[in-house]
Amino acid sequence: MVKAKINSQEVEVAEGTTILEAAEKFHVKIPKLCHNDDLEPWAACGICVVKNGKSPKLLRACCTPLEEGMNIITTDAELVQTRKTVIELILSTHPDDCLACPRNQECELQRLAAEFGIRDQPFPKRLRNLPVDDSTGAIVLNPEKCIRCGRCVKVCQEMQDVWAIEFLGRGEKTRIAPAGDVKLGEGPCIRCGQCAAHCPVGAIYENDQTTEVWEALMKTGEGERTCVVQIAPAVRVALGEAFGLKPGTNVTKKIYAALRRLGFDMVFDTNFAADLTIMEEGTEFVRRFTAAGVGAPLPLITTCCPAWVDYLEKYWPDMIPNFSTAKSPQQMMGAMIKTYWAAQAKVDPAKIFSVAIMPCTAKKFENSRNETMYSSGHKDVDITLTTRELARMIKQAGIDLVNLPDENADSPMGPYTGAGVIFGATGGVMEAALRTAYTLVTGEELKEVAFTSVRSMTGIKEAQINMKGTIIRVAVAHQMGNIETVLRQVVEARAAGKETPWHFIEVMACRGGCIGGGGQPYGCTDEVRKLRIRGIYDEDDVSTYRCSHHNPYIKKIYTEFLEKPGSHKAHGLLHTHYVARPIYMK
Amino acid sequence: MGKMTLTQLRKHREQKQDDVARGKVEGKAIQVIIGMGTCGIAAGARKTYDEILRHVEEHGLASQVLIRQTGCMGLCTVEPTVEVVMPGLPSVIYGKMTADSAKDLVLKHLVGKRLLNNHIFDRPAVDIIGAASHGGAASVGATSNSGAASVGATSNSAAAKGND
Amino acid sequence: MAYKNFILVCGGTGCESCRSEEIYKNLMMEAEIQGLKEEVQVVRTGCFGFCEKGPIVKVLPQESFYVEVKPEDAREIIAEQVVKGREVKRLLYDKGDGAAAAAAAAAAEGKADLRSYQKQYRIVLRNCGVIDPENIDEYIAREGYEALEKALFEMKSADVIAELKASGLRGRGGAGFPTGMKWEFTRAAPGTVKYVICNADEGDPGAYMDRATIEGDPHSVIEAMAICGYTVGATKGYVYIRAEYPLAIERLRIAIRQAEEYGLLGKDILGSGVDFDLEIRLGAGAFVCGEETALMRSLEGNRGMPVPKPPFPATSGLWKKPTVINNVETFANVPMVILRGSKWFTSIGTEKSPGTKVFALTGKINNSGLVEVPMGTTLREIIFDIGGGIRNNRKFKGVQTGGPSGGIIVEKDLDAPISYESLTALGSMMGSGGMIVMDEDDCVVDVSKFYMEFCVDESCGKCAPCRIGTNQMHSILDRMTKGSGEPSDLAKLEKIGQAMTKASLCMLGGSAANPTLSTIRHFREEYEEHIRDHKCRAGSCKTLLRFSIIPEKCIGCGLCAKRCPVQCIAGEKKVAHVIDQAKCIKCGECQKSCKFGAVVKS
């Protein structure tokens with residue numbers, strides 16, 4: 001432990017704690033800009049400077065460990081002046097178009113400028129007119145607005161291990177750019193959107209498609225369009241944050257209400273499709289597992305995460321046979337809406353406009369990934385909006401989300417089980433699959449459905465499940481940078497002719513799973529992630545049905561339409577395939 | 001030579017120091033040492049080197065004169081620099097020895113045993129190697145005209161030999 | 001025919017102004033009168049670098065060093081020294097009394113003998129200009145690799161560290177951190193894989209100490225790094241050197257190969273069981289890669305950007321392993337410290353800054369070059385003695401130490417003895433050793449702009465205060481030199497400068513404002529003149545210059561009009577000419593061409 005003083009207050013913290021961490025622990029605010037709790041300090045902005053006693057040298061609170069006997073002063077006239085000048089300097093390289101900026105009122109630089117009472121800009125603007133890169137269709141790069149805090153580069157390289165974004169140029173010409181200076185969409189980018197979620201300003205953001213959705217909604221009244229919407233598991237525990245609610249607050253029923261007020265004709269829930277996914281993927285797993293002796297590829301790897309799918313196709317194409325062919329819930333729902341529901345409701349699928357609300361930017365890419373995303377004969381999901389875009393639409397509509405009455409989703413694809421809702425958290429897909437696989441393997445029902453060993457924020461989780469004597473070894477990895485370790489062990493075991501270390505692997509590209517997705521409300525930290533995860537499991541705990549195969553509407557859809565999991569029809573609508581892709585298109 | 005042991009290295013060092021003390025390096029009594037740092041080369045030291053070599057050969061001195069290179073001695077304004085060590089004359093450093101001065105150097109200094117006007121520059125510091133503080137070993141300090149005592153000694157004895 | 005004596009008469013500018021030419025002539029005359037033309041050669045030489053005691057006369061082979069010689073002393077020198085072989089004692093710098101005794105006493109105590117008239121004392125450059133850098137035998141003959149022998153066979157690693165700590169050797173890269181402590185931290189750091197790095201990424205404009213050291217004596221660095229490897233327990237070393245130094249790289253390559261052949265690098269050095277390998281890595285010439293954390297990132301193959309310290313390299317450096325990183329000059333000191341001992345080393349220099357410092361002396365100085373002086377030497381001695389004073393007898397204005405990171409030191413501070421602390425106290429810094437002398441024709445605003453431009457180009461772009469601050473300061477300085485400075489500009493420069501100094505991550509940004517801030521401190525009125533009067537008193541900001549013709553003096557010869565490259569001078573023959581200010585490019589050709597002093601610059 002280290003004893004020191006911060007603004008004359010005695011503090012004691014563990015060795016290695018930074019001055020910033022120590023100060024925050026004792027409720028002392030130190031202004032900061034480039035720092036982000038998810039990342040190792042990069043120390044780019046120079047705003048968090050503090051003093052140590054009378055030493056003339058200022059220390060950067062973000063990266064300097066608090067040492068025994070230090071006498072830290074976090075604010076005085078000199079520090080305020082220094083910080084203010086640095087902010088003025090940063091503003092001199094930043095465009096003044098806050099009013100039309102995607103980050104207006106959610107911008108960390110704007111907030112800092114307001115806090116420091118910036119009233120004039122003493123230094124002339126030095127802008128560079130850098131072009132916008134929207135080549136991915138999912139996220140947009142506007143380097144002109146970049147303040148070179150380095151978060152996106154560190155997220156992409158260190159957290160995600162994708163290396164799609166890099167610093168190019170030196171000095172004032174430094175810019176964030178796609179690695180290799182190609183278009184972002186032509187390089188390694190997997191569109192996970194973590195860069196956008198971590199960007200403090202409007203330099204990287206989701207491709208905003210709200211206008212297209214509004215246009216479609218305009219036509220509903222005239223009967224030209226039937227607008228159908230689905231919401232993903234992770235959206236419900238995060239959207240409230242954009243309306244001042246605590247992270248993890250479950251606003252599912254208020255979202256349904258809001259979506260109806262926005263003009264959607266039918267409100268379905270992706271959780272239902274998650275249950276469907278479990279039926280298909282669980283069956284696929286059991287089939288491969290029981291046939292293991294005859295060479296079916298194990299481990300089976302989950303494919304609900306489109307960023308992960310993209311990563312695997314680019315970096316681990318040899319593992320494609322191990323991928324589950326089951327589509328993600330978004331795409332299963334899309335296919336069901338334009339086939340099963342369209343027939344039932346006697347609506348021309350060509351006139352259905354299908355919108356998905358997702359915590360994810362990569363889902364915008366997924367909905368046109370390959371021809372199987374058009375399995376209904378039309379584009380199964382027309383537009384994917386992120387949680388942030390939905391919040392924007394609700395605000396545009398002047399809807400007071402918090403005070404809306406609770407409403408329910410529409411049948412038949414609204415009701416869902418606890419297994420469906422936990423899809424939004426790391427380990428959730430695995431747990432949901434195990435709940436159903438147990439029954440498929442043993443023919444019996446589980447007494448205790450919670451597999452807590454695959455929960456938690458640990459980057460790689462392992463568990464052995466005893467299904468009445470049959471041992472199933474599983475691994476769960478989240479945050480792209482953690483995946484390589486897992487796959488390497490699989491590849492090494494295979495090369496050595498050994499048995500696979502795991503039978504079933506769940507992968508989610510974002511830290512904490514979809515609840516930490518790149519399209520979720522800003523300000524996501526581990527604390528926020530834990531609260532969102534809690535929100536999800538709380539709902540699971542009180543659900544009437546907690547296993548996907550118990551969902552009566554799932555039973556119904558198989559009886560009425562899909563025949564049985566893994567049937568020919570199910571394969572045509574609910575399964576996809578993968579191809580090796582080059583990391584760089586050129 | 002190959003890898004050496006401690007004893008071999010020490011013996012090797014003694015041998016090299018002996019050579020220097022006897023005033024002969026590679027069997028030659030006269031040394032013309034040209035400053036070939038980047039600064040010297042930029043000022044034309046390579047040409048000076050070639051010219052001195054040519055004149056030395058023309059005057060049939062090749063068997064007595066060893067022309068070799070060294071690094072920058074710090075007299076950058078007066079590059080190229082050339083140090084001449086020969087019996088009968090004090091060792092001196094000449095500055096501003098462009099290729100044009102090579103002939104003068106060979107004719108006047110090496111052959112005529114006169115020092116050149118307007119070219120001599122003082123070695124900037126005493127040589128700490130082989131100085132009194134280190135057991136007074138007769139080291140290369142002698143060749144390099146620095147520590148007052150050692151230079152006097154060498155040039156005197158050299159002069160004595162040269163006058164024979 | 002062989003002369004018995006040679007009388008060298010200093011022909012340096014300083015001595016010449018003190019009648020050295022007369023001394024030379026008198027000596028020639030006396031030699032002739034006294035019939036000694038065949039006995040003695042009188043030679044005119046270059047500057048001796050001891051101008052304060054000039055004129056200087058030196059007699060060889062006796063090495064008699066005469067100071068403050070007057071023309072009338074010629075007769076006595078010839079009569080006494082050449083004829084009778086006796087020194088003229090009253091003219092001797094060291095009157096001869098006990099010089100040898102003093103040297104012996106110093107030697108007996110293990111201290112350095114610093115009694116020479118020469119202001120320079122060469123430890124780092126001991127072999128530069130002496131040995132053939134491409135011949136390891138010449139290095140070996142000059143005590144080369146003796147320190148390594150001593151360390152390997154007579155000292156424990158703790159002894160080496162104790163000796164270094166006692167010597168007080170401090171990092172010569174500029175920051176002055178005690179080398180012994182650096183090594184000790186690395187030795188104590190847990191881990192079996194450790195590294196030794198030599199920072200040869202010299203980047204200051206006008207600095208070339210490291211280049212010259214490696215070009216002239218590569219083995220001194222190699223030997224020191226091997227000693228360091230043994231001491232801290234590292235078996236691998238890297239020399240990070242900028243690719244723009246091809247000759248230094250080549251010589252270092254040759255030296256490493258020779259050392260490997262002799263078994264002085266590689267496995268089981270000299271049978272000691274100690275292994276140490278050395279590799280050269282080339283830097284692409286980014287100034288910021290001289291910053292140690294950026295250098296290591298670059299060595300690892302990453303973008304050369306500084307990262308926060310701590311952790312310090314001693315515990316987590318290259319590839320996160322404990323690493324010693326010292327610059328070339330620091331390493332070159334080490335063999336002598338080990339061999340001569342800390343007592344010897346501390347007898348040179350000052351108490352807190354023992355030893356010497358190498359400077360690259362450039363600018364408006366007569367004897368520009370590489371100098372190595374004991375710490376504690378004054379700037380005046382370096383500039384006016386060793387450097388031989390200001391070129392063309394112009395007036396000294398200031399000296400920039402520490403390159404683009406340092407500040408200007410003015411006349412009144414020239415007598416401060418040089419040390420890390422004193423230069424910092426004067427608002428500059430030791431830096432790596434660039435020393436640029438400026439005279440009255442140098443404009444401080446222009447000089448500040450030059451350094452700021454350098455920092456603009458070399459800022460890595462990571463940290464906001466430096467990346468943006470340097471550019472904003474540069475644009476302000478630029479408009480000042482062009483006559484469009486604004487009244488608030490000085491305050492803005494100071495405001496940005498202070499923020500950069502305080503809030504930058506590394507020393508590049510932290511010191512980038514120094515040249516500007518220090519010149520504002522000393523020459524505020526010049527800045528104000530640029531802003532208020534659009535005037536550059538040094539006459540170096542061309543936009544602010546105005547050439548005009550005084551009609552009374554102009555005879556209308558037309559020469560200036562002929563010389564003018566833009567034809568902006570007009571006038572009838574024999575009638576006063578006029579310069580069209582709108583077209584004038586301020587090249588100054590007209591002024592140079594006018595034989596009547598009719599063209600004036602204002």
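## A walk through chains A, B and C

Let's start with how chain A splits up: it is divided into domain 1, covering 2-115, and domain 2, built from 210-272 + 330-403. Keep in mind that you're looking at a predicted model. Taken over C-alpha atoms, the centres of the two domains of chain A, domain 1 and domain 2, sit 40 Å apart.

Now zoom in on some strands of chain A. Strand S3 of chain A runs over residues 49-52, and strand S4 of chain A over residues 59-60; they pair in the antiparallel sense, with 2 bridges between them. If you want to find one of the bridge partners, look at A:Val49, which is matched in S4(A) by A:Arg60. S3(A) and S4(A) make a hairpin, with 6 residues between the two strands. Have a look at A:Gly53 while you're in that turn: its phi is positive, at about 55 degrees.

S3(A) has another neighbour to check out. Strand S5 of chain A, residues 71-73, is joined to S3(A) by 2 bridges, and here too the strands run antiparallel. In this pairing, A:Lys51 has A:Ile73 of S5(A) as its bridge partner.

Next, how do the chains meet? There are 2 pairs of chains that touch, and the pair with the most contacts is B and C. Chains A and B, on the other hand, do not touch: their nearest C-alpha atoms are 29 Å apart.

What about chain A and chain C? Their contact draws 28 residues from chain A and 26 residues from chain C. On the chain A side, helix H2 of chain A (residues 77-91) gives the largest share, with 5 residues. Sort the residues on that side of chain A by character and you get 15 nonpolar, 8 polar and 5 charged.

Last stop: a pair of helices inside chain C. Helix H8 of chain C spans residues 179-188 and helix H10 of chain C spans residues 218-232; their axes come within 8 Å and cross at roughly 45 degrees. How does that crossing get classed? Angles under 35 degrees count as roughly parallel, and the roughly perpendicular range is 65 to 115, so H8(C) and H10(C) are oblique to each other. H8(C) brings C:Trp183, C:Thr186 and C:Arg187 to the contact, while H10(C) brings C:Cys228, C:Thr231 and C:Val232. By character, the residues in this contact of H8(C) with H10(C) come out as 3 nonpolar, 2 polar and 1 charged.

Key. Residues are numbered from 1 along each chain as its sequence is written. Chains are lettered from A and ligands numbered from 1 in the order in which they are written. This is a predicted model: local features need pLDDT of at least 70, side-chain atom pairs count only at pLDDT 80 or more; totals for chains, interfaces and linings use all residues. Two strands pair if DSSP finds at least two bridges between them. Helices (H or I, at least four residues) and strands (E, at least two) are DSSP runs, numbered from the N terminus. Two residues are in contact if their C-beta atoms, placed from the backbone, lie within 7 Å. Axes are lines fitted to C-alpha atoms, for helices over the stretch in contact, and angles run from 0 to 180 degrees between N-to-C directions. Angles under 35 degrees count as roughly parallel, over 145 as roughly antiparallel, 65 to 115 as roughly perpendicular and the rest as oblique. Ala, Val, Leu, Ile, Met, Phe, Trp, Tyr, Cys and Pro count as nonpolar, Asp, Glu, Lys and Arg as charged, and the others, Gly among them, as polar. Domain bounds come from an automatic or database domain assignment.
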